[in-house]
Structure formats: structure tokens, C-alpha cells
Amino acid sequence: MSLLSIEGLGIAFGGLRAVDDVSFSIEKGEIVSVIGPNGAGKTTLFNMISGVYRPKSGRVMLDGTDVTALSPHLLARRGMSRTFQNLQIFQAMTVQENVIAGFHLKESGSLIADLLALPSSRRRARMAAQEALALLDRVGLARAASQEAASLSYGALKRLEIARALALNPKVLLLDEPAAGCNAVETEEIDHLIAEVAKSGVAILLVEHDMKMVMRISNHVVVLDHGVKIAEGDPASVGKNPKVIAAYLGKQAAEDAHADS
Ligand SMILES: Nc1ncnc2c1ncn2[C@@H]1O[C@H](COP(=O)(O)OP(=O)(O)OP(=O)(O)O)[C@@H](O)[C@H]1O
């Protein structure tokens, strides 16, 4: 049984089948990337897996349990957390407070205790602050803990968002374009971070346009075109697949590439 199984997911907008019968799975500690040309259905698939859209067909199985269309916060409690293409950082809060906000997503029933500032809630707050610092250390931001998030560079903000998603202690982490807008140095830092998180046993699903990054860090690549899965496999075999080349570059380029090889 895989940690995360995507089974025949499909959805349509009006007459357009944006994602059609897509299946694949992810194991513990594995990095799987979903790629495809613009409009292929990557974001839509991601949104179905993370509970933002309800699929018309198929299901999402997490650790053997059907979690299809659970709300994002319930999914977070079951062990699936995500980051967003457009950063969801609270700019006016400190770096550490942003991570602490992540812990609150998985807690329930603590609001009244917090409002009354009960000893239990003060103890919890102290622990959350310590755990947040440990997470910031992991993503290389411990020294910026008390700075306002707005003062961080773009690459650091991206790592902060990953730290906040890790605050939920996920089994599966979904990353929506983690390197978008980053320069080469920032992308490399995010590469290392993703590899380290996977090594700790977290399964990672990535949607990313930076093809070099995808080829560098993925164990497995799933390729979509017009909502349909057209290929999957290790990065090297997917990179050579004529169907994939055709989807990206057009049919003629694929035939040329095939003739050259
Ligand atoms: N909410 C929506 N309503 C109607 N059509 C949509 C909606 N979301 C996506 N689509 C359409 O579904 C198809 C897949 O879009 P999607 O954004 O998932 O592709 P993508 O692979 O993520 O593209 P990109 O690489 O450009 O981000 C496109 O034709 C898009 O226009």
C-alpha cells in the first residue's frame, strides 16, 4: 500500500475535462513531480489532491484511508500539508510567529484556554515557540526568527512557507512551484531543503516549472498534457520520451529528437 495513492482523478469545467482519469502513487521519502505544458491540468490536479476542488471522479487515498475532498485543514490533521504558488505568509508578523501560526492549524479546542491565558496554554505557547525555532533552524532561518517576515528575501520567504507547512508534521507535503521567482542560489537552497525533508521520510509531491530542478531532485515524474497522463517514470526516461517532447515542443521537434537519438 502506497502512502499517497491518486486513483483515477478527474474534473471538468463546463465542457472542458481539465483532468481526466489520472492515477499515480507516492511512497514514504519519495519526491514525485507533476509536470506538463501550460494548461495541462497540474494546478487543478494539485487542488483536487489538497481538498480545494472536489473531483468528479476518482479518489485520493492517504495511508489506506479515503481522504477525497476533505477540507484542507482536515487533510492537514490527517498528515497532508501544502504550500501555495502565491505565498501565504503574514508579512507583518515575525518569521517565528508565522511558523507558530502553522501549529495552530492542527490544534483544536485550545482557543478558550488561550483567551483565558491558562497555564496549559502558556506552556503550549512556550513549546510552540521552541518547536518553531527548531523548524526555522532546519530551513536555515533561525537567525531571522524575530525579524518581520516582510524583511526576508523572496527565497527565504519560500523556505519560511515550507517551515510553516512542516509545523503540521506532515506525512505528505505538497509543494506548488516552490522555486517560482527564485534565483539560482535560492533555487539550490530550496533543492537541498526538499531533499532533506524527503530524507526524513516525508513524501513530497511537487508541481514546478523549473525543469532543471525537477530533473535534479525527483525520484519519479508524472507528465500531464490536456488533462491526461501521457507518461511517468524516472526523470531520465521521461526526458527522452517522444510523447513528452512532443507535448512541450510540438510533434515535429519530437520526430527530430527521435531521429537524432
Ligand atoms: N476554475 C476554473 N474554471 C474553468 N476552467 C479552469 C479552471 N481552472 C483551470 N481551468 C482550465 O483547466 C485547464 C487546466 O488548467 P491548470 O491551471 O490546472 O493547468 P496548469 O497545468 O496548472 O497550467 P499552468 O502551467 O499554466 O499553471 C486549463 O484549460 C484551464 O483554463
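**Strands, core and ligand shell in a predicted model**

Q: Which residue of strand E8 stands opposite Leu-173?
A: This is a predicted model, so let's begin with its strand pairing. Strand E7 covers residues 172-176, and five bridges join E7 to E8, with the two running parallel. Across that pairing, the residue opposite Leu-173 is Ile-204.

Q: Which residue stands opposite Leu-173 in strand E6?
A: E7 is also joined to E6 (residues 80-82), by three bridges, and these strands run parallel. The partner of Leu-173 in E6 is Ser-81.

Q: Which handedness does the unit made by E7, H7 and E8 have?
A: E8 spans residues 203-207 and is parallel to E7. Helix H7, residues 184-199, belongs to a β-α-β unit with these two strands, and that unit is right-handed.

Q: How many residues of E7 are buried?
A: Take the two directions in turn. Val-172, Leu-174 and Asp-176 point one way and are buried, while Leu-173 and Leu-175 point the other way and are buried too. For the strand, the count of buried residues is five of five.

Q: Which helix gives the most residues to the largest nonpolar core?
A: That core has 68 residues, and those with the most contacts inside it are Leu-45, Ala-163, Val-172 and Ile-204. Helix H6, residues 154-166, gives seven residues to the core, so the helix with the top contribution is H6.

Q: Which residues of E7 does Ile-204 touch?
A: Leaving out residues up to four places away in sequence, Ile-204 touches Ile-31, Ile-194, Val-197 and Ala-198, among others. E7 runs from 172 to 176. The contacts of Ile-204 that fall in this range are Leu-173 and Leu-175.

Q: Why does Arg-164 count as buried?
A: Arg-164 has its place in helix H6. Beyond residues up to four places away in sequence, Arg-164 touches Asn-98, Val-99, Ala-101 and Gly-102. The cut-off for buried is 20 or more other C-beta atoms within 10 Å. Arg-164 counts as buried because its number of C-beta neighbours inside 10 Å is 25.

Q: Which element gives the most to the shell around the ligand?
A: The shell includes Phe-13, Leu-16, Ala-18, Lys-42, Thr-43 and Thr-44. Two or more residues come from each of strand E2 (16-26) and helix H1 (42-49). With three residues, the top contributor is H1.

Q: How many residues of the shell around the ligand are polar?
A: Gly-36, Asn-38, Gly-39 and Gly-41 are among the residues surrounding the ligand. The shell divides into four nonpolar residues, one charged, and a polar group that numbers six.

Notes:
Residues numbered from 1 in each chain as written. Predicted model: local features only at pLDDT ≥ 70, side-chain atom pairs only at ≥ 80, totals over all residues. Core = buried A, V, L, I, M, F, W, Y, C linked by C-beta atoms within 7 Å. Buried ≥ 20, exposed ≤ 12 C-beta atoms within 10 Å, placed from the backbone. Helix = DSSP H or I, 4+ residues; strand = E, 2+ residues; numbered from the N terminus. Contact = placed C-beta atoms within 7 Å. Pairing = 2+ DSSP bridges. Right-handed = clockwise from strand over helix to strand, strands pointing away. Near = placed C-beta within 6 Å. Nonpolar A, V, L, I, M, F, W, Y, C, P; charged D, E, K, R; others polar.
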